Amino acid sequence: MIITLVVLLLLCPCLGLAGWAVWKAADDKSSAPSLSAPTNPPILPGAEPTSAAPSPSEDEEDEFVKGDCVVNDGTEDDAELRKVPCGPKTYQVLLRIPATTDGDRCKTLAPQATANYVHDNSVDVFDYVLCLKKR
């Protein structure tokens, strides 16, 4: 009797899963593809599609990338970086680490960095760290 109970307890879930899989497969086959025209309007030349994703604030339009040189127009505690031509007393961007505010990552990812800049946005995907080297 115990063996029958064990077999029954193992068999019921397996049969249930198999029945569900057959039902889903039959349901997928019965739904025919739609032959109607697409509901998206055509994109005309010169028209730019809009994005539903939030955009960074206006002061972030100047993206800092590897190789850029910057100066700090703010203070050490409240930095305001500005792109400038590379030269003495500027900082060169060695690495931009997106989606983080962990400035210590520069120690391992860009060990030649002498400073870092942490940009903390209210939308975490726009956070970044710049690993900088004094020129």
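In the predicted model, T90 occupies the loop that connects β2 (81-84) to β3 (91-98). Despite this loop position, T90 is buried, its relative accessible area being 5%. The T90 side chain approaches the backbone oxygen of G87 to a distance of 2.6 Å. Once neighbours within four places in sequence are set aside, the contacts of T90 comprise C69, V70 and V71, V84 and P85, and K133, K134 and R135.

A second loop residue, D68, is located between α1 and β1 (69-72). With a relative accessible area of 16%, D68 falls under the 20% limit and is therefore classed as buried. A polar atom of the D68 side chain lies 2.9 Å from the backbone nitrogen of V65. Beyond residues up to four places away in sequence, D68 touches E63, K83, Y91, Q92 and V93.

These loops belong to a protein chain with two helices and five strands, arranged from the N terminus in the order α-β-β-β-α-β-β. The chain contains 135 residues, of which 20% count as buried. Where contacts join residues at least 6 apart in sequence, 49% of them link residues at least 24 apart.

In soluble globular proteins, nonpolar side chains tend to be buried together. In the present model, the largest nonpolar core consists of eight residues, namely F64, V70, L81, V93, Y117, Y128, L130 and L132. The greatest contribution to this core, three residues, comes from strand β5 (residues 128-134). A second, separate core has five residues, among them I97, C106, A110 and C131. V93, a member of the largest core, contacts F64, V65, K66, G67 and D68 as well as L130, C131 and L132, when neighbours within four places in sequence are left aside. The contacts of V93 thus include D68, the buried loop residue described above, and C131, which is assigned to the second core.

Y128, a further member of the largest core, is found in strand β5 and is buried, with a relative accessible area of 6%. The C-alpha atoms of Y128 and V118 are 6.1 Å apart, with a sequence separation of 10 residues. V118 itself is placed in strand β4 (residues 115-119). A relative accessible area of 33% lies between the 20% and 50% limits, so V118 is described as partly exposed. Residues up to four places away in sequence being excluded, V118 touches T101, G103, Y128 and V129. D104 lies 14 residues from V118 in sequence, and the C-alpha to C-alpha distance between them is 10.0 Å.

At the surface, the protein chain presents an accessible area of about 10700 Å², 60% of which belongs to carbon and sulfur atoms. I2, V6 and L10 form a nonpolar surface patch of about 320 Å². Of these residues, I2 is located in helix α1 (residues 2-30) and has a relative accessible area of 68%, which means that I2 is exposed. In the interior, by contrast, nonpolar residues including F64 and L132 are gathered in the largest core.

How values were computed: Residues numbered from 1 in each chain as written. Predicted model: local features only at pLDDT ≥ 70, side-chain atom pairs only at ≥ 80, totals over all residues. Heavy atoms only, no water. Helix = DSSP H or I, 4+ residues; strand = E, 2+ residues; numbered from the N terminus. Buried < 20%, exposed > 50% of the residue type's maximum accessible area, 1.4 Å probe, protein only. Contact = heavy atoms within 4.5 Å. Areas by Shrake-Rupley, 256 points an atom, 1.4 Å probe, with all protein chains shown as cover. Patch = residues over 30% accessible without salt bridge, like charges linked within 9 Å, V, L, I, M, F, W, Y side chains within 5 Å. Salt bridge = Lys/Arg side-chain N within 4 Å of Asp/Glu carboxyl O. Core = buried A, V, L, I, M, F, W, Y, C linked by side-chain atoms within 4.5 Å. Polar contact = N/O pair within 3.5 Å; in protein donor to acceptor, adjacent residues only side chain to side chain.
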